[in-house]
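Biologist: Please choose one part of this structure and look at it closely with me, explaining each term as you go. I would like to follow how that part sits among its surroundings.

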Amino acid sequence: MTATRTTLLALASRVEAATAPDRGIEREIAIAVGWHFYDRKVDHTRPAIEQWWRPGATTPSTDFPRFMASLDDAMSLVPSGYEWSVNWCGNSVANVSEIGVDYPVHCGGASTPALALTAAAIRALAQETPE
């Protein structure tokens, strides 16, 4: 984790305020949770290729996850040992909490399930992050 608690909580709020996925915010999330990137220059005739490395990976990827668009990618943000749920009541509401622990529950409310789960998961990560 490379971000502070304050940074993560601000990202969660920005995710909730979004009405659609935003690759700029997703890029910030990826960097905040430990993804690294660099531009690889193949040769002088072609533009550099951006390569992304997820934490612990031994090979690069050409892109970072679509946390705000994909429930699968949003689930990858849920900390190990936590459970999650998403409900629809005219708006999406997500909850993330430690397994077997009733409190605290980290909530996210947004216009889509992926946005709500991303916000809630980032809040759970923030709890585990020193300031």
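**A close look at helix α4**

Modeller: Helix α4 covers residues 113-127, and at 1.5 Å a residue its 15 residues should span 21 Å (the expected span being 1.5 Å times one less than the number of residues); its end C-alpha atoms are 21 Å apart, which agrees. This is a predicted model, in which local features need pLDDT of at least 70 and side-chain atom pairs count only at pLDDT 80 or more, while totals for chains, interfaces and linings use all residues. Residues are numbered from 1 along each chain as its sequence is written, and side-chain values use heavy atoms, with hydrogens and water left out. Helices (H or I, at least four residues) and strands (E, at least two) are DSSP runs, numbered from the N terminus.

Of the 15 residues of α4, 13 are buried (under 20% relative accessible area, with a 1.4 Å probe and protein chains only), so the helix is largely enclosed by the rest of the structure. Pro 113, which lies in α4, is instead partly exposed at 32% (the class between 20% and 50%). Leaving out residues up to four places away in sequence, Pro 113 touches Leu 71, Val 86 and Ser 92 (contact means heavy atoms within 4.5 Å).

One neighbour of α4 is an open sheet, where 3 strands lie in the order β3-β4-β5 with antiparallel pairing (two strands pair if DSSP finds at least two bridges between them). β3 (82-88) and β5 (106-110) stand at the edges with a single partner strand each, so one side of each has no neighbour in the sheet. From one strand to the next, the twist averages 15°. α4 packs on this sheet, touching β3, β4 and β5, and its direction makes about 150° with that of β5 (angles run from 0 to 180 degrees between N-to-C directions, and axes are lines fitted to C-alpha atoms, for helices over the stretch in contact).

Another neighbour is α1, which packs against α4 at about 170°, with their axes 8 Å apart; the two helices are therefore roughly antiparallel (over 145 degrees). Among the residues that meet here are Leu 8 and Val 15 in α1 and Thr 118 and Ile 122 in α4.

Finally, the largest nonpolar core (buried Ala, Val, Leu, Ile, Met, Phe, Trp, Tyr and Cys residues joined through side-chain atoms within 4.5 Å) has 33 residues, and Ile 122 is one of those that touch the most other members. α4 gives the most to this core, with 10 residues.

Definitions and conventions
Parallel < 35°, antiparallel > 145°, perpendicular 65-115°, else oblique.
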